[in-house]
Amino acid sequence: MNVLGDLLSSMIAFAVPLILVALGAMYSERSGTINIALEGIMIIGGLVASLFFKIMSPTVTEFFASNPNPISQFFMSQSIVLVGILLAAIVGAIYSFFLAFASIRLKADQTIGGTALNMLAPALAIVITWAVQGQGQTAILTPAWVPLASAPVDANFFERLFLKNMYLTTIICIIIIVATIIIIYRTKFGLRLRSCGENPAAADSVGINVYRIRYTGVMISGALAGIGGLAFTLAAGSGFASTVAGYGFLALAVMIFGNWQPVKIVLAALLFAFFKSLSGMSGSIPFLPSFTNVKESVYIYLMIPYIVTMIILAITSKKSRAPKAEGIPYDKGSR
Amino acid sequence: MKTKEFLARVGSSLQLFFAKLWSKIKNLNKSKSFISINASVFSIIIGILIGLILMLIVKPGDAFYGLGIMLTGGASSVSNIFQVLYTAAPLLMTGLAVGFAFKTGLFNIGAAGQYVVGAFCAIFGAIVLKLPWYVDIMLAALGGAIWGAIPGIFKAFLNVNEVITSIMFNWIGLFMVNLIIANTPAMLSSTYGGADQSRTVDIVAVNPGAKLPSLGLEGLSPYMNIGIFLAIGIAIIIYIVLNKTTFGYELKACGLNRESSKYAGINAKRNIVLSMAIAGALAGIGGALTYLAGTATMLIGKTIPPMGFNGIPVALLGTSNPIGIIFSSIFIAYIQIGGNAMQPEFATEVVDIVISVIIYLSAFSLVIKQLIGKILMDRKHRKEKQTNIENGAAVKPESIVNTKKEGE
């Protein structure tokens with residue numbers, strides 16, 4: 001039971017960044033722009049929030065020392081985490097503006113802007129981290145006051161599930177899932193967003209500003225990817241290290257896997273995260289085969305999430321349908 | 001008598017050739033390619049300037065020194081020049097793998113995985129099967145081709161986006177290769193008395209015939225080998241296939257419009273699989289060129305080597321044109337080696353920032369091209385106007401007067 005609690009809590013920790021970034025990717029693609037820069041945007045979001053936490057850390061410890069009341073400590077530290085999340089979102093949106101500008105205004109191939117931003121982000125992160133922390137210091141540690149709660153050593157199933165790996169980002173993520181479902185299917189903006197991805201010329205003909213909707217779509221995706229980058233940094237546990245280990249691309253895959261629909265994207269991310277955390281804990285789960293005669297058998301388990309995804313995709317793909325106009329720059333003159 | 005005639009004929013044809021060449025050079029600044037090369041140079045200058053500004057912000061005192069090292073480090077010694085060429089060879093191949101797929105309408109983000117699988121096949125052939133280098137390269141091409149064909153098959157027959165399959169198979173390829181190397185004692189350095197359990201053994205020590213030939217020049221630098229020449233040769237072959245053959249035309253037609261090429265009787269599904277397989281083979285050869293040089297050994301690790309991903313900027317900078325990719329790969333390798341020499345004053349990543357700015361500016365290439373074209377045209381017009389005025393001034397007044405009279 002305890003192992004199951006650990007497994008599920010680690011699944012949620014892995015799923016949160018995937019869900020956030022994949023939902024972001026969906027906003028962008030539903031508006032007609034493929035956002036390949038997610039990986040880079042995540043890194044920038046994680047960088048800004050981690051730097052902010054590092055700067056605020058002395059203030060928080062001072063406050064903790066003078067204020068022993070745990071409730072006021074909780075609100076103080078979590079409001080700073082919230083500001084960090086907002087900062088990550090804002091900077092992510094600004095960073096994604098460069099992609100939007102290149103692919104919407106300049107009508108350039110969307111891989112160009114995406115590749116440039118993906119390459120720029122880790123390099124910029126390393127240069128800035130070096131400049132702030134001194135040469136060779138490439139990791140920014142996450143302070144101890146960032147998690148929402150901490151599980152006791154002899155925690156039971158529910159304590160493990162709800163207290164371990166629990167951050168403010170998890171709660172924000174749940175809010176964003178609900179908001180996204182409502183925005184996409186129940187609001188005027190959602191309808192306009194979808195129409196710009198399907199048939200921008202038709203949307204334009206009824207007076208929708210296609211460019212503005214596309215800018216908004218890409219920048220929402222940037223904001224969510226920025227928060228996702230912070231969530232990844234927190235889930236990784238060891239702090240910010242100028243990388244998100246391919247999660248941006250993985251989120252793109254999860255979004256395609258989820259068929260560009262919010263609910264399916266969440267389920268796809270959970271499934272992937274489940275197999276991912278299973279591979280991380282393969283040693284401590286008794287009923288899994290341990291492959292004792294194979295060296296480095298951990299790689300077998302590491303492969304499984306990717307193989308499972310491919311099998312499910314192969315089975316379900318006939319129904320898969322991308323937004324029709326995605327990846328095609330909209331040109332008013334071509335109407 | 002005959003020799004004289006022959007010489008005269010040769011002379012006249014030579015004269016014709018040079019006349020043609022001269023007229024080409026004279027017209028160069030009007031041609032499209034000149035303008036696009038100009039646009040690239042413009043982007044490169046801006047990129048380097050932004051790198052300099054960044055260095056000025058981080059460490060004002062060392063900025064100009066750092067810039068100098070970055071721009072000259074690649075050519076500062078014979079050894080560095082060969083290292084540039086050694087780095088450029090696999091970059092050129094992965095750049096081709098991405099660029100070739102771009103030309104056929106596919107985004108091959110899987111060059112990284114194909115590179116890893118190709119590298120593994122080459123090393124396996126070299127160490128375990130004890131095959132000579134040219135067979136190892138073929139093995140690498142085969143392994144890469146299989147790894148590239150998988151996303152092609154998923155796309156053509158199962159309607160799965162090639163981007164997602166490529167990303168998944170990058171990781172599957174890396175983990176599979178790690179697993180096989182860890183379980184093949186013959187490949188590990190530790191079996192031969194080395195200390196490292198997670199590295200492959202030096203191929204030169206086990207099978208000297210697997211090392212790429214260095215044409216007797218290894219005295220100059222350990223990095224000297226024929227890899228770069230092979231890669232340039234392959235780039236030229238790819239250029240010919242894409243631009244001068246029916247097969248290449250069909251592949252490009254599929255990329256431009258799948259439906260209409262189907263209508264024209266082209267087998268689109270077969271072409272998707274084929275172009276992904278060819279792209280994969282190219283990336284696989286890239287992996288072979290890295291490790292058969294005998295200067296690097298493969299490491300079991302949890303991160304995908306960046307060489308495959310670096311193919312994307314190389315392809316974009318070379319505008320997916322195989323000949324352009326030759327130059328862009330050498331440029332990026334050059335500036336990377338220069339960047340390595342910048343440490344410890346600056347992080348090598350400054351180079352990545354410069355490259356990413358250059359790529360981002362290539363999105364502006366259309367705007368820049370129009371600008372440069374406009375400037376050139378303006379100059380031409382002004383010149384024409386001026387000559388008209390100069391020529392006309394002496395002759396035309398009368399005619400102008402005449403027309404005025406007629407108008408009255």
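**Exercise 1.** Which residue follows H10(A), and near what value is its phi?

Solution. The structure is a predicted model. In it, Asn259(A) comes after H10(A), and the phi of Asn259(A) is positive, near 55°.

**Exercise 2.** Determine how well H10(A) is covered, and list what covers the helix.

Solution.
- Step 1. Count the buried residues: 11 of the 11 residues of H10(A) are buried, and the helix is mostly covered.
- Step 2. Name some of them. Tyr247(A), Gly248(A) and Phe249(A) are among the buried residues, and so are Ala251(A), Val254(A) and Phe257(A).
- Step 3. Look for the cover within chain A, which includes helix H1 (2–30), helix H2 (38–66), helix H9 (210–236), helix H11 (262–280) and H12.
- Step 4. Look across to the other chain: helix H7 (162–182) of chain B also belongs to the cover.

**Exercise 3.** Describe the fold of chain A by its elements, its extent and its contacts.

Solution.
- Step 1. Chain A holds 12 helices and zero strands. Read from the N terminus, the order of elements is α-α-α-α-α-α-α-α-α-α-α-α.
- Step 2. The C-alpha trace spans about 65 × 50 × 40 Å along the principal axes.
- Step 3. Compare the radius of gyration with the globule rule. For 335 residues the rule puts a compact globule near 20 Å, and the 21 Å of chain A agrees with this.
- Step 4. Of the 335 residues in chain A, 51% are buried.
- Step 5. Take the contacts in chain A with a separation of 6 or more: 80% of them join residues 24 or more positions apart.

**Exercise 4.** Give the corresponding description of chain B, and say where the model has low confidence.

Solution.
- Step 1. Chain B comes to 17 helices and zero strands.
- Step 2. Its C-alpha atoms fill a box of roughly 100 × 65 × 65 Å along the principal axes.
- Step 3. Buried residues are 48% of the 408 residues of chain B. Among contacts with a separation of 6 or more, residues 24 or more positions apart account for 75%.
- Step 4. The mean pLDDT of chain B is 85, with 91% of the residues at 70 or more. Residues 394–408 of chain B have pLDDT below 50, and beyond near neighbours in sequence this stretch has zero contacts in the model.
- Step 5. Where pLDDT is low, predicted coordinates should not be read in detail.
- Step 6. For the model, ipTM is 0.88 and pTM is 0.85.

**Exercise 5.** Characterise the side of chain A that touches chain B.

Solution.
- Step 1. The contact involves 39 residues of chain A and 38 residues of chain B.
- Step 2. On the chain A side, helix H4 (110–133), helix H10 (247–257) and helix H12 (298–316) are the elements that give two or more residues. H4(A) gives the most, with 13 residues.
- Step 3. Sorted by class, this side has 29 nonpolar, seven polar and three charged residues.

**Exercise 6.** Locate the nonpolar cores.

Solution.
- Step 1. The largest core has 225 residues, and Leu18(A), Ala22(A) and Val254(A) have the most contacts inside it. From chain B, domain 1 (35–76 + 341–361) and domain 2 (79–337) each supply at least three residues to this core.
- Step 2. Follow Ala22(A). Beyond its neighbours within four places in sequence, Ala22(A) is in contact with Ala251(A), Val254(A), Met255(A), Gly258(A), Ile265(A) and Ala269(A).
- Step 3. Another core, of six residues, lies apart from the largest one; Cys196(A), Val210(A), Ile213(A) and Tyr330(A) are among its members.

**Exercise 7.** Describe how the two domains of chain B meet.

Solution.
- Step 1. The domain assignment gives domain 1 (35–76 + 341–361) and domain 2 (79–337). Their centres, taken over C-alpha atoms, are 27 Å apart.
- Step 2. Domain 1 puts 10 residues into the contact and domain 2 puts in 11 residues.
- Step 3. On the domain 1 side, helix H15 (residues 349–362) of chain B provides the largest share, five residues. That side divides into seven nonpolar, three polar and no charged residues.

**Exercise 8.** Why does Gly125(B) count as buried?

Solution.
- Step 1. Gly125(B) is placed in helix H5 (residues 111–127) of chain B.
- Step 2. The cut-off for a buried residue is 20 or more other C-beta atoms within 10 Å. Gly125(B) has 26 C-beta neighbours inside 10 Å and therefore counts as buried.
- Step 3. Leaving aside neighbours within four places in sequence, the contacts of Gly125(B) are Leu131(B), Val135(B), Asp136(B) and Leu139(B).

Technical notes. Residues are numbered from 1 along each chain as its sequence is written. Chains are lettered from A and ligands numbered from 1 in the order in which they are written. This is a predicted model: local features need pLDDT of at least 70, side-chain atom pairs count only at pLDDT 80 or more; totals for chains, interfaces and linings use all residues. Helices (H or I, at least four residues) and strands (E, at least two) are DSSP runs, numbered from the N terminus. The radius of gyration is taken over C-alpha atoms; the globule rule is 2.2 Å times the number of residues to the power 0.38. A residue is buried if 20 or more other C-beta atoms lie within 10 Å of its own, exposed if 12 or fewer, and partly exposed in between; C-beta atoms are placed from the backbone. Two residues are in contact if their C-beta atoms, placed from the backbone, lie within 7 Å. Ala, Val, Leu, Ile, Met, Phe, Trp, Tyr, Cys and Pro count as nonpolar, Asp, Glu, Lys and Arg as charged, and the others, Gly among them, as polar. A nonpolar core is a set of buried Ala, Val, Leu, Ile, Met, Phe, Trp, Tyr and Cys residues joined through C-beta atoms within 7 Å. Domain bounds come from an automatic or database domain assignment. pLDDT is the predictor's confidence in each residue, from 0 to 100.
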